[in-house]
Amino acid sequence: MELVERCIVFLMMTMVAVQVSNAAVHKVGDSSGWTIIGNIDYKKWSATKNFQIGDTIVFEYNSQFHNVMRVTHAMYKSCNVSSPLTTFSTGKDSIKITNYGHHFFLCGVPGHCQAGQKVDINVLNVSAAAAATPTISPSALASPVPVATTPAPSPNNASPLIVAKGAFGFVGLAMTVFSSFYF
């Protein structure tokens, strides 16, 4: 009986370790980093990434010439740096993603945001996005009616949500429920 308990505890700890290792590290701008040199399209960069809760966003830059400000959607759109939610200035800032939604960042040095040094990190709730995706018929694609867009929520309106992902999360939950009834 004690051997079974130890095996279950060991399996659960292993699954937690594997689950934690699923997190990715994304360096903003890849090898170019966080800069205005080289015409880096941060919108295009972020569109190629699949951001998940638990991932880390890394901003690498020369701290004498740049910084990173986390801002609201309205501030992001207008490059308003007057009252950021948070300011980072180490030159190697790591930010862990803890909730779904849009996370807006820009450089607060005058003119840099207007030059394109801003990024929208969008963390999709994959299960909710899949459920909300409508099926589009070929005739609907040819329709001249424009698609309505909704403004992105500001990061301070999004609630933190940590979920168990994938098969390990499901198996871990099942083992926890089983062990609570078994022992």
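Are Trp 34 and Phe 59 buried or exposed? In this predicted model, Trp 34 is buried, and Phe 59 is buried as well. The two residues open a description that moves from ring contacts to charged pairs and then to a pocket.

**Aromatic contacts**

The structure contains 5 aromatic pairs. One of them joins Trp 34 to Phe 59 in an edge-to-face arrangement, with 5.0 Å from centre to centre and 85 degrees between the planes. Because Trp 34 belongs to the loop between strand S1 (25–27) and helix H2 (42–47), while Phe 59 belongs to strand S2 (residues 56–60), this pair ties together parts of the chain that are 25 residues apart in sequence.

Phe 59 also meets Phe 105, and here the ring centres are 5.2 Å apart with the planes at 55 degrees, so the pair counts as tilted. This contact again links distant parts of the chain, since Phe 59 sits in strand S2 and Phe 105 in strand S6 (residues 101–106), 46 residues apart. Phe 59 and Phe 105 are both buried. Taken together, ring pairs connect Trp 34, Tyr 42, Phe 59 and Phe 105 into a cluster.

A ring contact of another kind involves a charge: Lys 118 lies over the face of Tyr 76, at 4.6 Å from the ring centre.

**Salt bridges**

Side chains of opposite charge can pair when their charged atoms come close. The count for this structure comes to 3 salt bridges, and they are set out below with the N to O distance and the separation in sequence.

| Salt bridge | N to O distance | Locations | Separation |
|---|---|---|---|
| Glu 60 and Lys 27 | 3.1 Å | strand S2 and strand S1 | 33 residues |
| Asp 30 and Lys 49 | 3.5 Å | loop between S1 and H2, and loop between H2 and S2 | 19 residues |
| Lys 92 and Glu 60 | 2.6 Å | strand S5 (residues 92–96) and strand S2 | 32 residues |

Glu 60 takes part in the salt bridge with Lys 27 and in the one with Lys 92, and through shared partners Lys 27, Glu 60 and Lys 92 are joined into one network. Within that network Glu 60 is partly exposed, with a relative accessible area of 26%, and Lys 27 is likewise partly exposed at 27%. Lys 92, by contrast, is exposed, because its relative accessible area of 54% lies over the 50% cut-off.

In the salt bridge between Asp 30 and Lys 49, Asp 30 counts as partly exposed at 36% relative accessibility, and Lys 49 is partly exposed with a relative accessible area of 25%.

**The second largest pocket**

Rolling a probe the size of a water molecule over the atoms shows where empty space is left. The second largest pocket has a volume of about 270 Å³. Its lining includes Lys 43, Ser 46, Ala 47, Lys 49, Asn 50 and Phe 51, together with His 73, Tyr 76, Phe 104, Asp 120, Asn 122 and Leu 124. Two residues described above recur in this lining, namely Lys 49 and Tyr 76; Lys 49 is the salt-bridge partner of Asp 30, and Tyr 76 carries Lys 118 over its ring face.

Which elements each supply at least two residues of the lining of the second largest pocket? They are H2, helix H3 (73–78) and strand S7 (118–123), and among the contributors H2 gives the most, with 3 residues. By residue class, the lining of this pocket divides into 5 nonpolar, 4 polar and 3 charged residues.

Notes: Residues numbered from 1 in each chain as written. Predicted model: local features only at pLDDT ≥ 70, side-chain atom pairs only at ≥ 80, totals over all residues. Heavy atoms only, no water. Phe/Tyr/Trp six-rings, centres within 6.5 Å; stacked < 30°, edge-to-face > 60°. Helix = DSSP H or I, 4+ residues; strand = E, 2+ residues; numbered from the N terminus. Buried < 20%, exposed > 50% of the residue type's maximum accessible area, 1.4 Å probe, protein only. Lys NZ or Arg CZ within 6 Å of the ring centre and 35° of its normal. Salt bridge = Lys/Arg side-chain N within 4 Å of Asp/Glu carboxyl O. 1 Å grid on protein atoms, 1.4 Å probe; cavity = no way out; pocket = protein on both sides within 12 Å on 5 of 7 lines; lining within 4 Å. Points joined across faces, edges and corners; volume = space filled by probe spheres on them. Nonpolar A, V, L, I, M, F, W, Y, C, P; charged D, E, K, R; others polar.
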